[in-house]
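Welcome to a short tour of a protein chain. Take a moment to turn the structure around before reading on.

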Amino acid sequence: MTFRIRVFALVAVVVLLAAGASTYLTFTLAENAVTASATAQQQLMRQIAEEVTRYGRDHGTWEGVAELAAGIAHRTGRRIRLDTQDGAVGVVDTAVLAGEPVTPMTKLTFPIDARPQLDLPQASGQEREITLQAIEEYRQEIRFAACLSRAGMQPQAVTTHYGLPLITHTIAPPDLVAECRTGTASQPRSITRDREEVGRCFDTPAEKTAPGSRSAAPRTLEPDPAQHLRTCLREVFLTRIGIVGPEPLRLAVSSEDGIDTTPIMLAFSVVAVPIVLGSLLLSRHVLRPIQRLTVATRRFGEGSLDQRVAVQGGDELAQLAVTFNGMADSLQHAEEQQRRMIADIAHELRTPLANVRAYLEALEDGLVSADETLFRSLHEETMLQQRIIDDLQTLALAEAGALAYDRSTVDVGELLDSCRAAHQPAAAAVAVELAVAAGPALLVHADAGRLRQAVGNLVTNAVRHAPAGTTVTLAALRVGHDVQIQVTDRGCGISPEDQRRVFQRFWRADRARTRATGGSGLGLTIARQITVDHGGTIGLVSEPGHGTTFTISLPTT
């Protein structure tokens, strides 16, 4: 299983578990919170309604209910609003009274009705008289309570016969009581209208079917006449006393401001547990190879180039480990090459400097005379050092991409002719012939001087290894979209194991050759770098005992 699939599967499991748990807990907590909030809201509204209803029964008016509502709002921290049953008239709003921001109200409302329910006796035959008497008594008592309330007293209602209230008082002065009673008795009455309304309950009895009668229509359950009468009389009672009594109201209470975050934090903790466990599992079982790779990389950056990581499996992390090990091998090899190059440079410069030093010390001690031969020898040693330094500088600039190239259209045939002319004297000195074989109009876009330098290094190397009396051939031909430059000698050739090392710095096939006859060992390396900078390739074909052919391939213009 690949690393990507493992991570995806683990993350998917963690996400599914967390999502499922959070969804379940959210719905459960939301349902419980809604139920608890609705229950608490209803209970609170019921308590407030009972308190307001008691006020209406005791005082017989809603004139002072604003002070009561303000006290309840202060005690509960809720906004209290009292409206009429149809919602057209607002009686009290504690937020408006206190000048506070209007908080949202719940959609739940609670009815408030301070009017008593008429309790008629069963089949007494005096329902009419009792109802008329109850209407008149309630009006007198409720007006009496309202009169005491306006005077600043605190009346209380006690339920008496037929469910009617009897207004009591403890601190009201006798003259005030007498005044309120006298005022109540002097109020206009509506006895005639009361009798008419009560009489209608007796004029419209419920329809009945005579016992024993038969009808095609199905029989239905008919209401009890006595119960129907009592219901009608109660409705008439409430209608007639509504003229003077406190009208029914509708209570609304604002929602709770604070939210209990304990269940939410608990739900968060429950959901966070699988996420934390999944993260730990991911870090232990999946990211452990990355941790080992991080440690190896840090030690590698500190200079421990021998750091390698174990390769386990075949997923992306294993491929990353293989890549890291390959990079480490390359860097370690480059470091070793750099060390060898420094040692080779020191070795290449040590021999000429040792020769120059020996001659100078001999001159100082008078062991040799300063003649033309000595100066010529010193000059040759100095030029050898200069050539090594120049080659190293050229190679360093080329590998760093800082070697300047002045590109133009170059005729390869003419370039080979100039190389043959430049190297003919040196070749003639060792009895080697130089020959050019180039086709017409072989053009490349290159730096003529640098390209001549690269070809010249190949020619110098070929002349050095060509036996006397043989010919070194400089050829140019078109192969597809490329132009190939071939330098061929008839020397001893290069063994297969040495062919892949010929372009290394300071490498020589013949270790016995001296620096004077073997060169600096940088010519082929410089030729390869110049060819690569021109977008070309360089290679060789060699057969031991039959010679070697170096080939430079360059794109045509």
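What share of the contacts in the protein chain with a separation of 6 or more comes from residues 24 or more positions apart? The share is 71%. Keep in mind that this is a predicted model.

**The chain as a whole**

The protein chain has 16 helices and 13 strands. Of its 557 residues, 35% are buried. The accessible surface adds up to about 32,500 Å², and carbon and sulfur atoms supply 56% of that area.

**A five-stranded sheet**

Let us look at one sheet. Its five strands follow the order β8-β10-β11-β13-β12, and the sheet is open with mixed pairing. At the edges you will find β8 (433–438) and β12 (537–543), each of which pairs on one side only. On average, and ignoring direction, neighbouring strands here are turned by 15° against each other.

Inside the sheet, β10 (residues 471–479) and β11 (residues 482–489) run antiparallel and are joined by seven bridges. Here alanine 476 has isoleucine 485 of β11 standing opposite. Helix α12 (residues 412–429) packs on the sheet and touches β8, β10 and β11, and its direction makes about 175° with that of β8. Another helix, α16 (residues 523–533), lies across β12 and β13 (547–555) and runs at about 135° to β12.

**Helix α7 and its neighbours**

Now move to helix α7 (residues 225–241). At 1.5 Å a residue, its 17 residues should span 24 Å, and the end C-alpha atoms are indeed 24 Å apart, so the two values agree. Among the buried residues of α7 are Leu229, Leu233, Val236 and Phe237. Which helices do the buried residues of α7 pack against? They pack against α4 (127–150) and α6 (191–203). As a general point, an α-helix has 3.6 residues a turn, so residues three or four places apart point the same way.

**Aromatic pairs**

The structure holds three aromatic pairs. One of them brings together tyrosine 138 and phenylalanine 237: because the planes of the rings are at 65°, the pair is edge-to-face. Tyrosine 138 belongs to helix α4 and phenylalanine 237 to helix α7, so this pair ties together parts that are 99 residues apart in sequence. Both tyrosine 138 and phenylalanine 237 are buried.

Phenylalanine 503 and phenylalanine 550 form another edge-to-face pair. This pair links distant parts of the chain, with phenylalanine 503 in the loop between α14 (496–499) and α15 (515–518) and phenylalanine 550 in strand β13, 47 residues apart. Phenylalanine 503 and phenylalanine 550 are both buried.

The table sets out the values for these pairs.

| Aromatic pair | Centre to centre | Angle between planes |
|---|---|---|
| Tyrosine 138 and phenylalanine 237 | 6.2 Å | 65° |
| Phenylalanine 503 and phenylalanine 550 | 6.2 Å | 90° |

**Two residues with positive phi**

Most residues other than glycine have a negative phi. Tyrosine 162, however, has a positive phi near 60°. This tyrosine 162 lies in the loop between β4 (156–159) and β5 (165–168). Is tyrosine 162 buried or partly exposed? Tyrosine 162 counts as partly exposed because its relative accessibility is 25%.

Alanine 441 is not a glycine either, yet its phi is positive at about 55°. You can find alanine 441 in the loop between β8 and β9 (443–447). With a relative accessible area of 52%, alanine 441 is exposed, since exposed means over 50%.

Methods:
Residues are numbered from 1 along each chain as its sequence is written. This is a predicted model: local features need pLDDT of at least 70, side-chain atom pairs count only at pLDDT 80 or more; totals for chains, interfaces and linings use all residues. Side-chain values use heavy atoms; hydrogens and water are left out. Two strands pair if DSSP finds at least two bridges between them. Helices (H or I, at least four residues) and strands (E, at least two) are DSSP runs, numbered from the N terminus. Axes are lines fitted to C-alpha atoms, for helices over the stretch in contact, and angles run from 0 to 180 degrees between N-to-C directions. Contact means heavy atoms within 4.5 Å. The expected span of a helix is 1.5 Å times one less than its number of residues. Buried means under 20% relative accessible area, exposed over 50%, partly exposed in between (1.4 Å probe, protein chains only). Accessible areas come from the Shrake-Rupley method with a 1.4 Å probe; for residues, only the protein chains shown count as cover. Rings of Phe, Tyr and Trp (its six-membered ring) pair if their centres lie within 6.5 Å; planes under 30 degrees apart count as stacked, over 60 as edge-to-face and the rest as tilted.
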